[in-house]
Amino acid sequence: MPTPLVQELLTLSHELGREDRGLAILGEGNTSVRLSDDTFAVKASGTCLGTLKEEDTVECRFSALLPLLEKTSLTDKEIDDGLLAARVDPKAKKPSVEAVFHAWLLTLPGIKFVGHTHATAVNQVLCSPRARDFAVNRMFPDEIVCCGSASVLVPYTDPGLQLAQAIRQETKALIQQIGQQPRVILIQNHGTITLGASWQAVLTAMLMAEKAAKVFVGAAVLGGPVFLSGKNVERIVGRPDEAYRQRALKM
Ligand SMILES: [Zn+2]
């Protein structure tokens, strides 16, 4: 039987991998959960979110993966060796190549779950010249409640260690700029990461980012989108009834 936290990770994975949602198909995407101060569980390489089983998850040590972020150049073989060496159980499957960014995001205050998908509508925007417009602006109140007041935008880079380093750099920059932790990280020409204190928060942010992308694309066809003003965005962030709704959504 999986532990309760691993069971929650499987539930999140199955929700994100649901075919009708168009967030991740085949082996796309990955998920993780912080198990303790020392370890986290992450989806194994080559497994499928929609059908993820306990044996498709790997427990990894933070102390083995976080130092990789300080390396300027590692060969693919060195990264592979680092991923394998991070496993608590040497018989477990190989962790996803994205385990390094999961490790770093799970060290942010209050973050317990991380999800990553190649959500179709968000990727329509991230593969267009308007990716930054989508990341820094907000169009409707529920987008702010579920996705925060702005998303991190990471320029396209090689998946793996380089991407983990770029995610760290851009996430720190946005925290500095808006004084809040982001809920959504957008990677140009690649996909979406959402993070939160519960698996529900990760799913909610992912579903709302995907809906917002559909609204963005539709509004762009009609000559928009018309974005909310900075003042309106700030107002939603500060409203007590919206904070109540966030708690109800386990955000
Ligand atoms: Zn990906």
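How many helices and strands does the secondary structure of the chain come to? In this predicted model, the count is 11 helices and seven strands. The radius of gyration is 18 Å, close to the 18 Å that the globule rule gives for 251 residues, so the chain is as compact as a globular protein of that length. The C-alpha trace spans about 55 × 40 × 35 Å along its principal axes.

Burial and contacts were examined next. Of the 251 residues, 49% are buried. Among contacts with a separation of 6 or more, 70% join residues 24 or more positions apart. The accessible surface comes to about 11,600 Å². Carbon and sulfur atoms hold 54% of that surface. The chain carries 27 positive and 27 negative charges. The mean positions of these two sets are 5 Å apart.

A zinc ion is bound through histidine side chains. Its protein donors are His 116, His 118 and His 190, each through NE2. These donors lie 2.1 Å from the zinc ion. Along the chain they follow the spacing H-x1-H-x71-H. His 116 sits in strand 4, residues 113-117. His 190 sits in the loop between strand 6 (184-187) and strand 7 (191-196). The pair therefore ties together parts that are 74 residues apart in sequence. Is His 116 buried or exposed? With a relative accessible area of 1%, His 116 is buried. His 190 also counts as buried, at 11% relative accessibility. Both values fall under the 20% cut-off for burial.

The loop that holds His 190 also contains Asn 189. Asn 189 has a positive phi of about 55°, although it is not a glycine. Its relative accessible area is 46%, so Asn 189 is partly exposed. His 190, by contrast, is buried.

A positive phi also occurs at Leu 26, where the value is near 50°. Leu 26 is likewise a residue other than glycine. It is placed in the loop between helix 1 (4-16) and strand 1 (30-34). At 68% relative accessibility, Leu 26 counts as exposed. Such cases stand out because most residues other than glycine have a negative phi, and most peptide bonds are trans.

The backbone has a further feature at Pro 225. The peptide bond from Gly 224 to Pro 225 is cis, with omega near 0°. Where does Pro 225 lie? Its place is in the loop between helix 9 (199-221) and helix 10 (230-238).

Pro 225 is also one of the contacts of Met 139. Met 139 lies in the loop between helix 6 (131-136) and helix 7 (141-147). At 12% relative accessibility, Met 139 counts as buried. Which residues is Met 139 in contact with, leaving aside its neighbours within four places in sequence? They are Phe 134, Ala 212, Val 215, Phe 216, Pro 225, Phe 227 and Leu 228. Ala 212, Val 215 and Phe 216 fall within the range of helix 9, residues 199-221. Phe 227 and Leu 228 fall between helix 9 and helix 10, as Pro 225 does. Met 139 and Thr 3 are 136 residues apart in sequence. In space, the two are 39 Å apart, C-alpha to C-alpha.

Key. Residues numbered from 1 in each chain as written. Predicted model: local features only at pLDDT ≥ 70, side-chain atom pairs only at ≥ 80, totals over all residues. Heavy atoms only, no water. Helix = DSSP H or I, 4+ residues; strand = E, 2+ residues; numbered from the N terminus. Rg over C-alpha atoms; globule rule 2.2 N^0.38 Å. Buried < 20%, exposed > 50% of the residue type's maximum accessible area, 1.4 Å probe, protein only. Contact = heavy atoms within 4.5 Å. Areas by Shrake-Rupley, 256 points an atom, 1.4 Å probe, with all protein chains shown as cover. Lys, Arg positive; Asp, Glu negative; His and termini not counted. Charge placed at Lys NZ, Arg CZ, Asp CG, Glu CD. Donors = N, O, S within 2.8 Å, 3.2 Å for Na, K, Ca; no water.
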